[in-house]
Structures are given as structure tokens and as C-alpha cells.
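Thank you all for coming; I would like to walk you through one structure, taking the parts of the chain in turn and then the ligands. Please have a look at it before I go on.

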Amino acid sequence: MEHRKLAFIGAGNMSRSLISGLIQSGYPADCIIAANPSRPKLDALAADFGIRTTQNNLEAVTQAEAVVLAVKPQMMAAMLSELLAAGATLGDKLLISIAAGISVARLEQMAGGHTRIVRTMPNTPSLLGLGMTGLYARPHVAEADRAYCQHMMEAVGKTLWVDEEDGINQVIAAAGSAPAYFFLFMEAMARQAEQSGFSADDARLLVQQTALGAANMVAANPQLSLSQLREQVTSKGGTTAEAIRRFNDNGLDRLVADAMAAAVARARELERQL
Ligand SMILES: NC(=O)C1=CN([C@@H]2O[C@H](COP(=O)(O)OP(=O)(O)OC[C@H]3O[C@@H](n4cnc5c(N)ncnc54)[C@H](O)[C@@H]3O)[C@@H](O)[C@H]2O)C=CC1
Ligand SMILES: O=C(O)[C@@H]1CCC=N1
């Protein structure tokens, strides 16, 4: 991929995930700079990945051709207005937002009318190169900028473009927030396994290895539907059938639909507020 000079503003969990993936995929460390108000996360990034770091956003942006906006959504307006007030010229820089709940139109306003923006929604498994990222850009954004963002996110996982901006909010529900759903499910399973007598380590092993195996079964068998994979485990009159019946009787489908709809609703609410 093209190795543009790349700045990360905000050096939290997501920046770390993305930087780790980029470095592992061969992106030159000296092309990446991360900015954060406090030193500890910057020091860890410098030590782990050899990238450059600064506590000064302006310094990072000035050096960059592409800027990843990776602060919390609630911090975005203040961060960008401080940057502009400090004299940042965004000029021909590409801005890449990873923030939930901030529309491109709002980002354009916050960035002083700058319109060269790609909005993305990655997730934390990017840390392992197993991320899933949704991307959206307005029609005027150049093909080269779209390709750069896509390649950047492909360095840390898979990508999916959405045609309508609200698709990003659907990506949040199905992928951005979704690792936490699986963790929650695994927590519940591990807790139950512990209650049945396994040590915490053994309970985690049972759940972790099974989740890994199940996800790999899905990835390795594109010709099988998710239902077919489930049916392969479910012997007639057997144990799995009983467990699945309980999930269904207790409204798992409805619960999942409700939870995902709540994530979308919150993303839309943030878009109105921020
Ligand atoms: N955590 C996740 O799973 C995902 C998060 N996102 C988005 O990524 C963005 C960052 O989230 P996280 O990395 O989880 O948050 P985080 O809280 O771990 O990181 C944000 C970082 O920004 C720094 N920061 C605060 N104000 C700043 C400023 N004015 N200038 C520079 N840095 C500043 C903070 O010190 C912190 O290190 C958010 O907008 C979130 O919506 C997107 C997809 C998934
Ligand atoms: O919870 C959040 O708002 C962020 C966006 C997707 C995952 N974490």
C-alpha cells in the first residue's frame, strides 16, 4: 500500500490497534506519528512499535499527509477547534475519522469547512489483524483517498464500504461494538462453567477455545450457512437441542435485535448531539 505520512490524534485503544496492525503489515514506523495529551500511552507506542510520538497535535498534523481522528466523539469538536486555533492548515490533508456518532457533515464543520474526509468504523480485533471496518465517503472524495483508507484498514482486517452514511451506524451495531457482545456471552458462559466446578483458568480455556473454533469454522466454510453449521452440532434429541431450545424460548433473537437497534439508536443520537 501507499505509505503516506500518517498522524494519529488520540493514542488510545483504537489507535494502538490500528498502529499495531499497520506495523505488522510492514508500514514504515517512521511514517507514523501519534499525538496524545499525556505521555504514558505514547511511550508505550514508541517502545512497542518504534513510531514517533508527540504531545502536540499541531506538530503531528503539520507533518502528516493523512490524519486519523481517534479521540472520543465528545472530544472531537474541542480537539479540532484547538488545532485550527493553533494555526493548523489542513490544506490537502486527508482526514480519516474513526469516531462513532459524528457525521461527515459535522466533521466538515468542525474541521473549518475541510471536505477531504473518509469516515470509518473499525473494531478492536484490528490489534490482531482481525479487524472489521466499515467505510463511507461522500462522492467527491478521490478514488486514491478511498483506496488509501481501504488499504490501511485492510492491513488490520477486512473492509466493507457503505453507500449511505447511516450504514456506518449499522456497521457499529454489527461489528464496531460487536466484539463486546461476544465477550459478554463468553463471560456468561465462563461464569457458568466456573459455577459447575471448573477453575477460572479452565473455564476460560473451554470458552475461549470453543469461540475460536466456532469462528474459524464459519470462516473456513463459506459454502455452509450459519444455520447449517449450528445444525451440524445439534443432534436430534441431544444436548445441544435442549440448550438451543432454551435460548429460543427465552427470546434470543429478539434480544439481539433489540441490543443492535439500541446501538444504532445511540449512534444516531450522538450524531444529533455532537
Ligand atoms: N474502542 C472501540 O472498540 C472503538 C472505538 N471507536 C472510536 O475510536 C475513537 C477512540 O476510541 P478509543 O481508542 O476506544 O478511546 P480511548 O479513550 O482509549 O482513546 C482516546 C485517546 O484520545 C486522547 N485524547 C483526549 N483528548 C485529546 C486531544 N484533545 N488531543 C489528542 N488526544 C486526545 C485520550 O488521552 C486517549 O488516549 C472514538 O471516537 C470511538 O468512537 C471506533 C471503533 C471501535
Ligand atoms: O462504544 C463505542 O461508542 C465505540 C464505538 C464502537 C465501539 N466502541
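Residues 5–101 are 44% helix and 20% strand, with the end C-alpha atoms of that span 26 Å apart; helices (H or I, at least four residues) and strands (E, at least two) are here DSSP runs, numbered from the N terminus. To this stretch UniProt, in an unreviewed entry, gives the feature "domain: Pyrroline-5-carboxylate reductase catalytic N-terminal", and I should add that UniProt positions are in the numbering used here, that feature names are shortened, and that annotations may be inferred rather than shown by experiment.

Please keep in mind that this is a predicted model, in which local features need pLDDT of at least 70 and side-chain atom pairs count only at pLDDT 80 or more, while totals for chains, interfaces and linings use all residues. Residues are numbered from 1 along each chain as its sequence is written, and chains are lettered from A and ligands numbered from 1 in the order in which they are written.

Let me turn to the sheet. Eight strands make up an open sheet with mixed pairing, in the order E3-E2-E1-E4-E5-E6-E7-E8, where two strands pair if DSSP finds at least two bridges between them. At the edges are strand E3 (52–54) and strand E8 (157–161), each of which pairs on one side only. Strand E1 (residues 6–9) and strand E2 (residues 32–35) run parallel and are joined by four bridges, and in E2 it is Ile33 that is the bridge partner of Ala7.

The second annotated span, again from an unreviewed UniProt entry, is "domain: Pyrroline-5-carboxylate reductase dimerisation" at residues 165–270. Over those residues the chain is 83% helix and 0% strand, and the end C-alpha atoms lie 14 Å apart.

The chain is also divided into domain 1 (6–163) and domain 2 (178–270), with bounds that come from an automatic or database domain assignment. Their C-alpha centres are 32 Å apart.

What surrounds ligand 1? There are 27 residues around ligand 1, and the closest are Gly10, Gly12, Met14, Ala99 and Ala100; a residue is near a molecule if its C-beta atom, placed from the backbone, lies within 6 Å of it. Helix H1 (13–24) and helix H4 (73–85) are the elements that give two or more residues to this shell, which divides into 15 nonpolar, 10 polar and two charged residues. Here Ala, Val, Leu, Ile, Met, Phe, Trp, Tyr, Cys and Pro count as nonpolar, Asp, Glu, Lys and Arg as charged, and the others, Gly among them, as polar.

Around ligand 2 we find Ala100, Ile172, Gly176 and Ser177, a shell with two nonpolar, two polar and no charged residues.
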